[in-house]
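User: Hi! I have a new chain open and would love some company while I look around. Can you take a look with me?

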Amino acid sequence: MASILRQIVAGPRQKHPEAGLDLCYVTDNIIATSGPSSTYPQRAYRNPTDALVKFLDYKHGVNWAIWEFRAEGTGYPDSEVHGRIRHYPWPDHHPPPFALVPNIVASMRDWLKGPEAPKGRVVVVHCKAGKGRSGTAACSYLISEEGWTVEDALLRFTTKRMRLGFGAGVSIPSQLRWIRYVDRWTKHQKKYVERRVEIHEIHTWGLREGVKVAIEGYIDEGRTIKTFHIYRKHERINVDANTQATFEPLSAIEKPLEKSKSVPDELSKKVTIESTEKPPLPPRTNHTGSEEGGAAVIFRASHPIVLPTSDVNIDFERRNRAAYGWTMVTSVAHVWFNAFFEGDGPENNGNAAINGVFKIEWDALDGIKGSARKGTKAFDQLAVVWRLVEDEKEPHLPHLITEPKLGEPVPEMKAADWKDPSDSNIAVLGKDLGLRTESPASADVSKASSLRSATLSPLGTDTSIVNVTGHQPEKDDRT
């Protein structure tokens, strides 16, 4: 029975013919596997940890080590894999904080190619399914350390990990964007500069009624996603309907790629943010919070929205009113980008633009729980106006992150609680479509999902929110 359950859960992924486990050899020295488990009921339908260790010991002796990426917890203690494990966790269905990438690939390189490394060593990568996060890490290594092209690395991972006709190994758009970032990072001296980012405005075209827009970013070394802001009605600026016929989406915003001249190569001096011109804005009519569908809308926060790193996530959810105190969630999507790369930092010796515009269409966004499914269209196109920030009262020097050299110590992240993962908790990490209870606290967020006469709680929070490890919004203002 357990074997049948494992086959069902493995689904489209390749099964190793000898081991009978959900794993594959991406290359001779990189193994990708789904996350093993030492606890019930998970071990009944996932790779049992002891079975995986037995196979690895038999095939590779002491010459194997695990790289795990599960912010939700591994499902087994380090001792059960002989302590040969490296922890670089981040949440499921998302790209890694880019600051992790140099350490991930350097630690893999050191294990395989270090001065004391014997021949025949293998790296074992796993997340939950051994697909998105594992594929992102494996492809990043092949590109940055083995000289593979993006296309060849992605194709190899797909052909080895997936059954024929069951889609790509790495399929989430933001993870694919990160792999292309890795390629650019590799081609330009492997310099990455971490900076705080302010989201100045969000421009949307064809915005439908009842869409909630939130700004998110990483905290806790990337183990947690925090919601830094949810736009309220008074922060929406509706474009004059009379101008929409001649207003071409996205073309009205020119990307201002002004380089910061104060960033030296060694980044030893404090960076001063230069004043920049705002991109041209469409004509405005009001700040009343009207949410007519199909509109061109500018979201401008009433206070600065500053993220602690260059990794930015824009999250969307659309709700329509249903009967008897319920609302229907009809759209869920998000998109990650990194301001250093969108500001052409690699191509300019680490001197990224101090501001810019990230543009994307609805169909190119990430879907629900790593799928392409997003529900009904919430808008047509999106442009995020961002800029790098510097607070004189709280100086934050740009942090130059380079890949540790061979033999140098490589930082490792703190592991999540291995006992924590359960499929019931993991399932709610990502939002989904369907009915939800209507919350008075969301009245100021979206008219389509609110009670017009309701009053916000003192914190302005949504009382229908559930806490979930790995996705921690500010003040739990989450749905």
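Analyst: Happy to; what follows is a walk through the fold, the core and a few individual residues. One thing to keep in mind is that this is a predicted model.

User: Good to know. How many helices and strands are there in the chain?

Analyst: The chain has nine helices and 19 strands.

User: And what share of the residues is buried?

Analyst: Of the 479 residues, 57% are buried. As for the surface, the chain exposes about 19900 Å², and 52% of that comes from carbon and sulfur atoms.

User: What about contacts between residues far apart in sequence? What fraction do they make up?

Analyst: Taking the contacts with a separation of 6 or more, 76% are between residues 24 or more positions apart.

User: Let's go to the sheet with β1 in it. What is the strand order?

Analyst: The order is β1-β2-β5-β3-β4, in an open sheet of five strands with mixed pairing. At the edges are β1 (23–27) and β4 (85–90), each of which pairs on one side only. From one strand to the next, the twist averages 25°.

User: Which way do β2 and β5 run relative to each other, parallel or antiparallel?

Analyst: Strand β2 (residues 30–33) and strand β5 (residues 122–126) run parallel, joined by four bridges. If you want a spot to click on, T33 stands opposite H126 in β5.

User: Which helices pack against that sheet?

Analyst: Helix α3 (residues 49–60) lies across β1, β2, β3 (64–70) and β5, at about 40° to β1. Helix α6 (residues 150–161) also packs on the sheet, where it touches β1 and β2. The direction of α6 makes about 150° with that of β1.

User: While we're on α3, is K54 buried or exposed?

Analyst: K54, which is found in helix α3, is exposed, with 65% relative accessibility. If you measure C-alpha to C-alpha, K54 and V81 are 9.7 Å apart in space and 27 residues apart in sequence.

User: Switching to the interior: which residues have the most contacts inside the largest nonpolar core?

Analyst: Those are W67, F98, I199, I202, Y231 and I314, in a core of 78 residues. There is also a second, separate core of 14 residues, which includes L23, L56, I66 and V122. As background, nonpolar side chains in soluble globular proteins tend to be buried together.

User: What does W67 touch?

Analyst: Leaving out residues up to four places away in sequence, W67 touches R86, Y88, I104, S107, M108, W111, V123, V124, V125 and H126. You have met H126 already, as the residue opposite T33.

User: Now a charged one. Where is E201, and is it buried or exposed?

Analyst: E201 is in strand β7 (residues 197–207). Its relative accessible area is 1%, under the 20% cut-off, so E201 counts as buried.

User: Which side chain does E201 make a polar contact with?

Analyst: The partner is the side chain of H203, at 2.8 Å.

User: And what about H229?

Analyst: H229 is in strand β9 (residues 224–230). With 7% relative accessibility, H229 is buried. Its side chain makes a polar contact with the side chain of E235 at 2.9 Å. Not counting neighbours within four places in sequence, H229 is in contact with V213, A214, I215, E235, A301, H303 and I305.

User: Back to strands. Which way do the side chains of β6 point?

Analyst: In strand β6 (residues 191–194), K191 and V193 point one way, while Y192 and E194 point the other way. All four of these residues are buried. Strand β6 runs antiparallel to strand β18 (residues 399–402), with four bridges joining them. In that pairing, Y192 has I401 as its bridge partner.

User: Last topic: which residues have a positive phi without being a glycine?

Analyst: Q189 is one of them, with a phi of about 70°. Q189 is found in the loop between α7 (173–187) and β6, and at 60% relative accessibility it is exposed. D220 also has a positive phi, of about 55°. D220 is found in the loop between β8 (211–219) and β9, and with 40% relative accessibility it counts as partly exposed.

User: Great, thanks for the tour!

Note on methods. Residues numbered from 1 in each chain as written. Predicted model: local features only at pLDDT ≥ 70, side-chain atom pairs only at ≥ 80, totals over all residues. Heavy atoms only, no water. Core = buried A, V, L, I, M, F, W, Y, C linked by side-chain atoms within 4.5 Å. Buried < 20%, exposed > 50% of the residue type's maximum accessible area, 1.4 Å probe, protein only. Contact = heavy atoms within 4.5 Å. Helix = DSSP H or I, 4+ residues; strand = E, 2+ residues; numbered from the N terminus. Polar contact = N/O pair within 3.5 Å; in protein donor to acceptor, adjacent residues only side chain to side chain. Areas by Shrake-Rupley, 256 points an atom, 1.4 Å probe, with all protein chains shown as cover. Pairing = 2+ DSSP bridges. Axes fitted to C-alpha atoms, helices over the stretch in contact; angles between N-to-C directions.
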